[in-house]
Amino acid sequence: MPTGNSWSKSHSSETLPMVKADLHIHSQFSSDGEFSLTDIGHLCLAQSINTFSITDHNSVKGTADALCFASREGLDFIPGIEIDCRYKGINLHLLGYQIDWTSQDFLRLEEETAAKVMGSFHEMIENIKHLGFVIDAAAVLAKTNGQLPTGELIAEVMLSDEKYNSAPLQPYGEGGARSDMPQINFYLDYFAQGKPAFVPIDYMSYANAVELIRDNGGIPIVAHPGLRSCLNLLPKLFESYFCSCFCPVNPILAS
């Protein structure tokens, strides 16, 4: 099986070739992804992307399949992950690249994070009901396909069945003011940190996330540095932990 280190080994000459890369992609194994690894690979090929990384939230389940696809198609692949973490009460995302994805540390991270997210689900549903929405928790869980429930999925379920129609849902329906990206907008309006249905989750600390990545041979990168919640923290994050920052540029595959 490929090791995932082909990029650093095969491109070690002084003159590097032109690289078209997407280093922030979520697959079906991420809480906010939907594409299979095969679909992602073919999308990369179609867009002439020759280097890519799968950075699923708190999971490396897709790495083995991505490595195999990359090896078969002659693409370069960088093992990665995106860890949900907290810094002084602010939720952050920390990317890790060139990690040892076979480490048991990442399996434990996924299991522990999944338990915390599932533990918050009932409160998410109750919060949204108290705000006037109509939703059935069992219907949401039935749509997860083995993944974790999200605010976006709650919106998808409500918008897919007329029995969940309600006044506060109307802006997200066809022709509504928030209907351009209804699921994402619903999450941003109700479940993002500081919004009315937000449920705090005790994610690992930013310092521990940096340590986890570095202990497993990886490079920590702060994701979404332009977000308002993150922007003012950047000097402290960089000075304290010597991290870099990264902002995705491909809206089709990255979020």
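## A walk around helix α7 and the cores

Start with the whole chain in cartoon: the protein has 10 helices and 8 strands. Keep in mind that this is a predicted model. Of its 255 residues, 44% count as buried. If you switch on the surface, you are looking at about 13000 Å² of exposed area, with carbon and sulfur atoms supplying 53% of it. Among contacts with a separation of 6 or more, 67% involve residues 24 or more positions apart.

**Stop one: the cores**

Hide the surface and select Phe52, Ile54, Leu94, Tyr206 and Leu237. These touch the most other members of the largest nonpolar core, which has 33 residues. Now colour the elements that each bring at least two residues to this core: the helices α2 (37-46), α3 (63-73), α4 (104-130), α8 (206-215) and α10 (234-241), plus the strands β2 (51-54), β4 (80-87) and β5 (90-97). The largest share comes from α8, with 5 residues.

Then pick Met124, Ile154, Tyr164 and Val199. They belong to a second, separate core, this one of 21 residues.

**Stop two: the rings around α7**

Across the whole structure there are 8 aromatic pairs. Go to Tyr172 and Phe186 and show their side chains. The ring centres sit 5.5 Å apart with the planes at 80 degrees, so this pair is edge-to-face. Check where the two partners come from: Tyr172 lies in the loop between α6 (151-159) and α7, while Phe186 is in helix α7, 14 residues away along the chain. Both residues are buried, and for Phe186 the relative accessibility is 0%.

Stay on Phe186 and add Phe191. Here is another edge-to-face pair, at 5.9 Å centre to centre and 65 degrees between the planes. Phe191 is buried too, with a relative accessible area of 6%. To see the full cluster, select Phe133, Tyr172, Phe186, Tyr190 and Phe191 together; ring pairs link them.

**Stop three: other residues along α7**

Which way does each side chain of this helix go, buried or exposed? Click through a few.

Asn185, in helix α7, is a polar residue worth a look: its relative accessible area is 4%, so it counts as buried. Show everything around Asn185 and, beyond its neighbours within four places in sequence, you will find contacts with Tyr172, Arg178 and Asp180. Tyr172 is the ring you have just met in the pair with Phe186.

Next is Tyr187, also found in helix α7. Tyr187 is partly exposed, at 30% relative accessibility. Leaving out residues up to four places away in sequence, Tyr187 touches Gly151, Glu152 and Ala192. Try a distance label between the C-alpha atoms of Tyr187 and Leu153: they are separated by 9.0 Å, with their positions 34 residues apart along the chain.

Then Leu188, in helix α7 (residues 182-191). Leu188 is partly exposed at 41% relative accessibility. Bring the surface back and add Met181 and Ile184: with Leu188 they make a nonpolar patch on the surface, about 260 Å² of accessible area together.

**Stop four: salt bridges**

Side chains of opposite charge can pair when their charged atoms come close. The structure has 4 salt bridges, and you can visit some of them.

One is on the helix you already have in view. Asp189 and Arg178 meet through their side chains at 2.9 Å, N to O. This pair links distant parts of the chain, with Asp189 in helix α7 and Arg178 in the loop between α6 and α7, 11 residues apart. Both ends are partly exposed: Asp189 has 23% relative accessibility, and Arg178 has 28%. Arg178 is also one of the contacts of Asn185.

Move to α4 and select Arg108 and Asp105. The closest N and O atoms of this salt bridge are 2.3 Å apart. Why are these two about one helical turn from each other? They are 3 residues apart in helix α4. Arg108 is partly exposed at 41%, and Asp105 is partly exposed at 25%.

Finish at Arg72 and Glu73, whose side chains form a salt bridge at 3.9 Å, N to O. Arg72 is exposed, with a relative accessible area of 56%, whereas Glu73 is partly exposed at 34%.

Note on methods
Residues are numbered from 1 along each chain as its sequence is written. This is a predicted model: local features need pLDDT of at least 70, side-chain atom pairs count only at pLDDT 80 or more; totals for chains, interfaces and linings use all residues. Side-chain values use heavy atoms; hydrogens and water are left out. Patches are made of residues with over 30% relative accessible area and no salt bridge: like charges are joined within 9 Å, nonpolar side chains (Val, Leu, Ile, Met, Phe, Trp, Tyr) within 5 Å. Accessible areas come from the Shrake-Rupley method with a 1.4 Å probe; for residues, only the protein chains shown count as cover. Helices (H or I, at least four residues) and strands (E, at least two) are DSSP runs, numbered from the N terminus. Buried means under 20% relative accessible area, exposed over 50%, partly exposed in between (1.4 Å probe, protein chains only). Contact means heavy atoms within 4.5 Å. A nonpolar core is a set of buried Ala, Val, Leu, Ile, Met, Phe, Trp, Tyr and Cys residues joined through side-chain atoms within 4.5 Å. Rings of Phe, Tyr and Trp (its six-membered ring) pair if their centres lie within 6.5 Å; planes under 30 degrees apart count as stacked, over 60 as edge-to-face and the rest as tilted.
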